[in-house]
Amino acid sequence: MVNITEAAQEYLTELLSKQDVEGIAVRIFILDAGTPRAETCISFCRPGEEKSDDETESYKGFTAYIEQRSIPFLEDAVVDFQKDS
């Protein structure tokens, strides 16, 4: 499954708090999975936008919904954040 580092969790928590939407989360999915154009995406997920078959991961400051059909392509994926100097 996806590993979201502590630095990335802090950054995502901060971004989500700025949205001023109760219960907002993130959704992780792959566009064009299995093709050379594959792209990993993280988007805001307002309450009710999650899909019934999404995998749910709870973190200290937010919830992440992972698209079911993207899970095989996210094996050993790492989401990290590093501030520019």
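The following exchange concerns salt bridges, helix H1 and strand E2 in a predicted model.

Biologist: Why is the pair Glu14 and Lys18 called a salt bridge?

Modeller: The N to O distance between the two side chains is 3.4 Å. The rule asks for a Lys or Arg nitrogen within 4 Å of a carboxyl oxygen of Asp or Glu, so the pair qualifies.

Biologist: What makes Lys18 exposed or buried?

Modeller: Lys18 has a relative accessibility of 59%. Exposed means over 50%, and Lys18 therefore counts as exposed. Glu14 has 42%, which lies between the cut-offs of 20% and 50%, so Glu14 is partly exposed.

Biologist: How do you know that Asp32 and Arg37 meet in a salt bridge?

Modeller: Their N to O distance is 3.8 Å, and the limit is 4 Å, so the pair satisfies the rule. Arg37 is exposed at 58%, whereas Asp32 is partly exposed at 39%.

Biologist: Which class, buried or exposed, applies to Glu67, and which to Arg69?

Modeller: Glu67 has a relative accessible area of 11%; buried means under 20%, so Glu67 is buried. Arg69 reaches 64% and is exposed. The two residues form a salt bridge, with the closest N and O atoms 3.3 Å apart. By this rule the count comes to four salt bridges.

Biologist: How do you know that the span of helix H1 agrees with what is expected?

Modeller: Helix H1 comprises 12 residues, 6–17. At 1.5 Å a residue, taken over one less than the number of residues, the expected span is 16 Å; the end C-alpha atoms are 16 Å apart, and therefore the two agree.

Biologist: What places the buried residues of H1 on the same side?

Modeller: The buried residues are Ala8, Gln9, Leu12 and Leu16. They cover an arc of only 100° around the axis, which puts them on the same side of H1. In an α-helix there are 3.6 residues a turn, so residues three or four places apart point the same way. Glu6, Glu10 and Ser17 are exposed on the other side of H1. The cover over the buried residues of H1 includes strands E1, E2, E3 and E6.

Biologist: Why is E2 described as largely enclosed by the rest of the structure?

Modeller: Six of its seven residues are buried, so the description follows.

Biologist: What makes E2 a partner of both E3 and E5?

Modeller: Pairing requires at least two bridges; E2 and E3 have seven, so they pair, and they run antiparallel. Ile28 stands opposite Ile42 in E3. E2 and E5 have three bridges, so they also pair, and they run parallel. The bridge partner of Val26 in E5 is Ala64.

Key. Residues numbered from 1 in each chain as written. Predicted model: local features only at pLDDT ≥ 70, side-chain atom pairs only at ≥ 80, totals over all residues. Heavy atoms only, no water. Buried < 20%, exposed > 50% of the residue type's maximum accessible area, 1.4 Å probe, protein only. Helix = DSSP H or I, 4+ residues; strand = E, 2+ residues; numbered from the N terminus. Arc of directions from axis to C-beta. Contact = heavy atoms within 4.5 Å.
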